[in-house]
Amino acid sequence: LIGRLMFELPEEMGLIAVAVRQTQGKGRGGNIWLSPVGCALCTLHITIPLHSNLGQRIPFIQHLVSLAVVESVRSIPGYEDIDLRVKWPNDIYYSDLMKLGGVLVNSTLIETTFHILIGFGFNVSNSNPTICINDLIARFNKEEGTELKALSSDCLIARTVTVLERLVEIFQEKGPNGILPRYYKYWVHSGKQVRLGSEDGPTAWIVGIDDYGYLQVHEEGKGVVSVHPDGNSFDMLRNLIVPK
């Protein structure tokens, strides 16, 4: 629906489609997602000038969206310690233990403007089949003796889009350095050791993200190299970076 509308409306007009449930969701690598009631699900259309900080570093968009989802919760007073985090390149995690959501970005360049379709979904009030944000809040209340209220999908979609708008503005003004300290605050990879390619592959340590949004790893004996997000997947369970 949005794909058909996005070229028909003025550039300054925003577009967003929100779903209550999803039966034919798309993930990276052709993965299909079923999303029950209780998830925050939407597709957002934005435009980015080609000759801008973000236009020259389009892979960063998925990182900005992942960060916006996490900050939509952790920027609420009292909710700062809810252990919601980002996983490179496009996942939302509970600590480094379990996936709660993800981001998928498609871009089309028309003359000097990128038309970006951002799909994101994350578990808010659906405990099954994994875990959701309101489960984390309930657990936090039990452990800390607090009385934080459960959050709604509508509220968190609205907050995510608002935070994303501000993150894009900061990136356009200051580039990666304006965003990366906030991103690293919430990401799960700091100092983690991984294997490259297979369980018997060379050892590397995750360093950070380079100026174009690609993961940097320090391979033993070879120095720092960048890993392209579209061609690789990070398997948290086996601690591998593998071709996808």
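Let me start with strand β5, which is joined by four bridges to strand β6 (residues 91-94), the two running antiparallel; strands here are DSSP runs of E with at least two residues, helices are runs of H or I with at least four, and both are numbered from the N terminus, while two strands pair if DSSP finds at least two bridges between them. This is a predicted model, in which local features need pLDDT of at least 70 and side-chain atom pairs count only at pLDDT 80 or more, whereas totals for chains, interfaces and linings use all residues. Residues are numbered from 1 along each chain as its sequence is written, and side-chain values use heavy atoms, with hydrogens and water left out.

Staying with this pair, V86 stands opposite I92 in β6, and three residues lie between β5 and β6 in the hairpin that they form.

Turning to the whole sheet, we have six strands in an open arrangement, ordered β1-β4-β8-β7-β6-β5, with antiparallel pairing. Because β1 (15-19) and β5 (84-87) stand at the edges and each has a single partner strand, one side of each is left without a neighbour in the sheet.

At the β1 edge, five bridges join β1 to strand β4 (residues 39-49), and these two run antiparallel; I16 has L44 in β4 as its bridge partner.

Finally, the surface: E80, D81, E143 and E144 form a negative patch, where Asp and Glu count as negative, and patch residues have over 30% relative accessible area (Shrake-Rupley, 1.4 Å probe) and no salt bridge (Lys or Arg side-chain nitrogen within 4 Å of an Asp or Glu carboxyl oxygen), like charges being joined within 9 Å. Of these, E144 is placed in helix α3 (residues 133-144).

Definitions and conventions: Patches are made of residues with over 30% relative accessible area and no salt bridge: like charges are joined within 9 Å, nonpolar side chains (Val, Leu, Ile, Met, Phe, Trp, Tyr) within 5 Å. The place of a charge is taken as NZ of Lys, CZ of Arg, CG of Asp or CD of Glu.
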